[in-house]
Number of protein chains: 2
Amino acid sequence: MDMAYDAPVSDIEFALNAFARIGRLQGLPGHEAYDPDLVRPILEEAAKLARDVLAPLNPVGDAHGAVLKDGGVVAPPGFGDAYKAFVEGGWMGLAAPEEWGGQGLPKALALGVMEMFHGANMAFGLCPMLSYGAVEALLAHGTDVQRAAYLPKLVSGEWTGTMNLTEPQAGSDVGALKTKAEPCEDGSYSITGQKIYITWGDHDMAENIIHLVLARLPDAPAGSKGISLFLVPKFILDADGTPGERNGVRCIGLEKKMGIHGSPTCVMEYSGAKGWLIGEENRGLACMFTMMNSARLNVGLEGVAVGEAAFQTAFAYAQERKQGAAAGVTGPAPILHHADVRRTLTTMRAKVAAARAICYACGVAADLAHSSPDPDVRAAAKTREDLLTPIAKAWSTDIGVEVASLGVQVHGGMGFMNETLAAQLYRDARIAPIYEGTNGIQAIDLVGRKLSGTKGASMQAMIVEVEETVRQARATNDPQLVQIADRLKAGAAALSEASEWMVKTLADEPEKGLAGATEYLALAGDVIGGHFLALGAIAARSGQDMDQRARQLALAGFFAETSLASAPGRVPAITEGGARFLEGSKALFGV
Amino acid sequence: MDMAYDAPVSDIEFALNAFARIGRLQGLPGHEAYDPDLVRPILEEAAKLARDVLAPLNPVGDAHGAVLKDGGVVAPPGFGDAYKAFVEGGWMGLAAPEEWGGQGLPKALALGVMEMFHGANMAFGLCPMLSYGAVEALLAHGTDVQRAAYLPKLVSGEWTGTMNLTEPQAGSDVGALKTKAEPCEDGSYSITGQKIYITWGDHDMAENIIHLVLARLPDAPAGSKGISLFLVPKFILDADGTPGERNGVRCIGLEKKMGIHGSPTCVMEYSGAKGWLIGEENRGLACMFTMMNSARLNVGLEGVAVGEAAFQTAFAYAQERKQGAAAGVTGPAPILHHADVRRTLTTMRAKVAAARAICYACGVAADLAHSSPDPDVRAAAKTREDLLTPIAKAWSTDIGVEVASLGVQVHGGMGFMNETLAAQLYRDARIAPIYEGTNGIQAIDLVGRKLSGTKGASMQAMIVEVEETVRQARATNDPQLVQIADRLKAGAAALSEASEWMVKTLADEPEKGLAGATEYLALAGDVIGGHFLALGAIAARSGQDMDQRARQLALAGFFAETSLASAPGRVPAITEGGARFLEGSKALFGV
């Protein structure tokens with residue numbers, strides 16, 4: 001029997017406070033509702049929904065999946081009621097402006113809630129995640145009329161949202177899309193084309209679905225500069241704003257996937273569907289990036305969430321499954337007592353903690369970038385958000401897959417059985433490195449726009465903070481923290497060296513630089529993750545909670561001796577590996 | 001459309017020659033039939049069966065699975081005919097003694113053939129793999145009567161074999177098993193109990209199935225010293241040696257697994273089944289290890305095989321899928337032209353090549369340990385086989401999972417679809433680190449029996465060879481090989497340091513040593529894998545095949561700058577990581 005997911009409320013709270021320093025948002029415009037004392041109760045309330053409602057439905061969604069029936073998608077059993085509970089709890093509007101019915105709380109806090117929902121049931125969590133994206137796009141680019149018409153219902157969760165980018169020939173290369181938008185006389189557009197891989201593209205849990213669709217105007221320039229964003233409701237709104245006539249968009253197929261069976265992945269057909277332009281003509285990609293950036297961070301969080309769930313179920317299994325003898329235990333010992341199993345669990349826990357820290361730090365940076373009255377703070381926070389977003393997305397989701405795989409391993413043969421949660425998580429986790437921009441795309445974004453685009457300054461600012469953490473750790477004179485500081489210092493130097501090389505090489509020999517992008521991102525994640533864990537150990541030291549103190553020190557110490565200690569030796573994989581492989585590429589692949 | 005698996009005949013041949021030096025077997029007793037000129041034709045013939053018969057059935061097995069019907073297991077459609085072709089080709093007896101109808105060829109060559117069958121269809125390959133184990137156990141421990149009765153049919157493949165170890169409470173801890181064996185008056189035993197996770201425990205492809213079953217005699221000592229091995233045929237042989245009366249053993253359930261659906265994983269019920277003792281009473285574990293060691297190497301090879309298949313399908317997809325622009329390509333470019341994709345493929349290829357080298361080196365060592373007339377050579381080869389077996393099993397299967405996951409990534413969204421071969425391989429690959437002794441058990445075996453059991457001499461002998469490779473590489477004066485030599489030298493030093501630490505620490509603080517076992521195995525695999533790839537680059541240099549030369553240099557060079565370059569920085573994960581985690585264990589896990 002798998003243990004139910006029990007949301008790590010304390011860990012999330014600790015991450016928000018010690019790693020991401022959410023307290024910085026207090027009193028900022030737009031965050032008037034934020035009160036540090038509310039964080040814990042909000043997280044605890046969300047944890048109940050996650051544990052009691054969403055987690056029990058996770059295996060149900062996996063076994064049943066969503067079904068396409070009579071032209072519409074039927075969500076798995078129980079999902080509709082769970083969604084109702086989600087809406088009634090007001091969870092959708094947590095971070096939305098009060099003006100539109102939201103609660104005006106920090107996005108970073110909403111991330112904490114979303115982590116729990118993803119951890120309990122990732123297939124379910126995807127539905128609100130996509131709705132968030134639609135809300136963000138409308139807030140940033142919608143007209144007043146559009147906002148008034150759609151935001152209140154999206155913010156309440158009564159309607160859900162989708163993102164429609166991909167077409168069979170246009171995946172990572174969004175610019176290749178062919179869906180057409182023809183202007184109509186009434187100012188609307190007629191949308192025609194096929195979109196694939198549309199998450200929660202159709203379902204029966206909400207009374208309307210608001211599709212945000214990338215399409216091309218008749219005279220649009222080729223490529224990504226000719227793409228516009230349209231809003232296409234499943235039901236066109238009547239004059240009084242209620243869903244009326246069925247629009248010309250429908251789900252014509254569901255993908256048979258390896259995981260997240262509970263989440264319908266739709267092939268959507270637009271046949272002259274009525275749509276309205278969001279933002280300017282041919283500027284759709286910029287609008288889409290508003291949704292994408294938020295979605296990327298949320299997908300990173302899925303890595304954290306699934307990793308946490310994998311850790312929990314493996315830890316529970318290790319306490320219950322008895323095999324072999326261990327010192328101090330009479331009779332067969334729980335496998336938790338075997339050093340190798342416990343070390344595996346430590347690896348899982350430390351990596352998840354580091355990924356969580358990066359995601360929440362990115363979330364608070366996004367809030368600050370939006371809300372700080374000081375333009376310098378806003379600019380610095382935006383740079384930080386931009387830098388951390390691809391790392392949060394790629395590094396965390398790679399860890400999600402790795403940790404889910406370790407979770408299977410802890411379960412032994414049982415982990416290979418489909419009904420085991422560990423097996424489901426291994427399958428579910430695998431999508432996250434792929435969607436919302438593959439992790440390879442994230443790495444290219446990191447070394448290109450984010451690193452080279454700031455001439456290295458974005459990472460340099462991060463490294464300065466890492467070095468400050470080194471100083472703080474040394475100043476404690478705690479021998480364990482001093483050892484962590486030494487590892488972190490060496491890691492920072494490695495990241496600094498790799499960053500300099502990357503900026504220079506991307507300018508001189510772009511192919512060679514790009515060949516090292518994924519390794520560079522991995523190194524950056526390790527060093528920044530180690531920095532946060534060290535910060536956590538320092539912060540816990542000044543607290544009263546001795547368990548927390550020991551725990552944070554254990555995680556930071558372990559991470560330092562494993563991921564950080566190996567950082568310097570991984571620089572050649574970036575600076576030399578790429579060259580080696582480009583030289584050999586012809587011999588290996590003919591190109 | 002997935003590309004069909006095309007067996008890497010040249011790579012396997014190269015691995016047998018350059019890495020494993022199979023030529024050393026020529027002229028040895030028991031290998032009279034071995035002729036180096038036969039290797040290529042045999043591999044090519046097997047490649048046809050793999051490509052034309054087994055590979056097309058791989059998705060069939062995945063989609064249909066095996067079915068339990070009317071008290072018996074029905075293999076997936078087409079598997080029975082494929083098995084017939086396998087038997088008719090004489091593949092089962094390739095490495096069996098001619099005395100029993102085999103061809104007396106080296107086991108290492110049979111490994112090459114098995115790699116292809118696993119790569120084409122791992123679920124299918126498991127059936128002969130288990131039969132090999134039964135053959136080995138009978139050869140080593142059977143009486144003359146038993147051999148005469150069972151070996152000819154097992155060697156021909158007309159009958160298949162199984163291994164029955166696991167029970168619900170007895171997985172890694174085999175000593176906890178409860179199946180009973182009561183002596184009968186006719187010298188046979190009556191076997192009663194339930195076994196789980198029995199691969200190909202029942203099926204309709206062969207006319208008899210020979211179960212090798214671990215059970216406990218009534219007065220047996222507790223634990224693993226009270227286990228005996230029994231042979232239990234599905235059909236008891238008549239006086240004339242043909243299968244007659246149905247024995248009291250049957251499959252009562254099939255596991256629903258994440259992968260290898262084509263291979264039935266059976267719950268077997270023994271209710272007073274007639275069995276015969278193999279070897280001595282209470283010495284069953286030793287007999288079982290004869291099968292286990294061969295099975296472990298074969299499972300390691302599954303990692304290689306699935307990794308190769310994952311590489312092939314990803315490479316094919318990367319040539320065909322077009323996204324984005326690339327220099328020198330008009331219109332959308334195949335994603336193979338993007339540096340990040342090509343680098344991912346390089347990683348896959350290099351790791352698979354290194355794992356293949358380790359497996360074949362282990363196989364030739366096993367042959368030498370058996371056949372060399374020189375007792376010193378035999379002893380050294382046995383030590384090498386013992387050392388490499390856990391590395392071949394664990395390192396290769398971890399790579400199988402990693403490479404299969406990278407293969408999914410190269411496919412993008414398509415890789416997450418169940419019908420894609422990449423997705424199947426990701427699910428199939430996941431079992432290999434678990435069965436035949438989890439990879440954690442392998443790591444404990446490596447640092448315990450294999451390393452400390454020889455006071456470190458086994459690894460020291462290996463490191464001496466690595467250092468010889470360093471010298472050879474330097475002597476070429478080829479700047480690329482000299483750079484590889486430098487990386488290899490540093491890797492050897494790291495492995496040497498870690499080995500010394502491990503032997504000492506296991507003696508003084510066993511828990512601390514064991515906590516570093518898995519990391520130690522990973523380091524050993526990287527250094528030994530790098531050593532073989534360097535050897536390959538040196539060997540290819542003296543050959544006439546310029547493509548091969550460039551390819552081997554590319555793989556060795558890439559592996560050196562990535563896996564080898566990071567080796568020294570990973571020593572702390574062994575020597576410090578364990579200590580760190582043991583200190584923090586209480587805080588993290590309460591034990």
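In the predicted model, Lys351(B) and Glu402(B) are joined by a salt bridge whose closest N and O atoms are 2.8 Å apart. This pair connects distant parts of the chain, with Lys351(B) placed in helix α8 (residues 339-371) of chain B and Glu402(B) in helix α9 (residues 375-410) of chain B, 51 residues apart. The two partners fall into separate accessibility classes: Lys351(B) has a relative accessible area of 18% and is therefore buried, the limit for that class being under 20%, whereas Glu402(B), with a relative accessible area of 33%, is partly exposed.

Helix α9 of chain B also holds a salt bridge within its own length, formed by the side chains of Lys382(B) and Asp386(B), with an N to O distance of 3.0 Å. These two residues are 4 residues apart, which corresponds to about one turn of the helix. An α-helix has 3.6 residues a turn, so residues three or four places apart point the same way. Both side chains belong to residues that are partly exposed, Lys382(B) at 36% relative accessibility and Asp386(B) with a relative accessible area of 22%.

Over all chains, the structure holds 56 salt bridges. One of them, in chain A, brings together the side chains of Asp6(A) and Arg51(A) at 3.8 Å, N to O. Here too distant parts of the chain are linked, since Asp6(A) belongs to the segment before α1 (9-19) of chain A and Arg51(A) to helix α2 (residues 36-64) of chain A, with their positions 45 residues apart in sequence. Asp6(A) is partly exposed at 40% relative accessibility, and Arg51(A) is likewise partly exposed, its relative accessible area being 31%. The pair is part of a network of salt bridges that links Asp6(A), Arg51(A) and Asp52(A).

Between the two chains, chain B and chain A, the count of salt bridges is 2. One of the salt bridges across the contact is formed by Glu511(B) with Arg342(A), and the closest N and O atoms of this pair are 3.7 Å apart. Polar contacts between chain B and chain A amount to 41 residue pairs, with both residues of each pair at pLDDT 80 or more. On the side of chain B that touches chain A, the largest share, 11 residues, is supplied by helix α18 (residues 577-589) of chain B. Sorted by class, that side of chain B comprises 36 nonpolar, 29 polar and 23 charged residues. The contact as a whole draws 88 residues from chain B and 88 residues from chain A. The size of an interface is often given as the accessible area lost when the parts come together. By this description, chain B and chain A bury about 7,300 Å² between them, and 59% of that area lies on carbon and sulfur atoms.

Individual positions in chain A were then considered. Thr389(A) is located in helix α9 (residues 375-410) of chain A and is buried, with a relative accessible area of 3%. Its side chain reaches the backbone oxygen of Glu385(A) at 2.7 Å. When residues up to four places away in sequence are not counted, Thr389(A) touches Asn293(A), Arg296(A) and Cys362(A). Leu154(A), which lies in helix α6 (residues 144-156) of chain A, is also counted as buried, at 0% relative accessibility. Beyond its neighbours within four places in sequence, Leu154(A) is in contact with Met92(A), Ala134(A), Val135(A), Leu138(A), Trp159(A), Thr160(A), Gly161(A) and Ile210(A). Among these, Met92(A) is separated from Leu154(A) by 62 residues in sequence, while the C-alpha to C-alpha distance of the pair is 8.0 Å.

In chain B, helix α11 (residues 439-451) contains a kink of about 35 degrees, centred on Asp445(B). Asp445(B) is itself one of the buried residues of α11(B), which also include Asn439(B), Gly440(B), Gln442(B), Ala443(B), Leu446(B), Val447(B), Lys450(B) and Leu451(B). Elsewhere in chain B, Gly89(B) is placed in the loop between α3 (79-88) and α4 (107-120), and at 39% relative accessibility this glycine counts as partly exposed. The C-alpha atoms of Gly89(B) and Ala485(B), which are 396 residues apart along the chain, are separated by 44 Å.

Methods: Residues numbered from 1 in each chain as written. Chains lettered and ligands numbered in written order. Predicted model: local features only at pLDDT ≥ 70, side-chain atom pairs only at ≥ 80, totals over all residues. Heavy atoms only, no water. Bend = angle between axes of the 7 residues up to and from the residue. Buried < 20%, exposed > 50% of the residue type's maximum accessible area, 1.4 Å probe, protein only. Contact = heavy atoms within 4.5 Å. Buried area = accessible area lost by both parts, 1.4 Å probe. Salt bridge = Lys/Arg side-chain N within 4 Å of Asp/Glu carboxyl O. Polar contact = N/O pair within 3.5 Å; in protein donor to acceptor, adjacent residues only side chain to side chain. Nonpolar A, V, L, I, M, F, W, Y, C, P; charged D, E, K, R; others polar.
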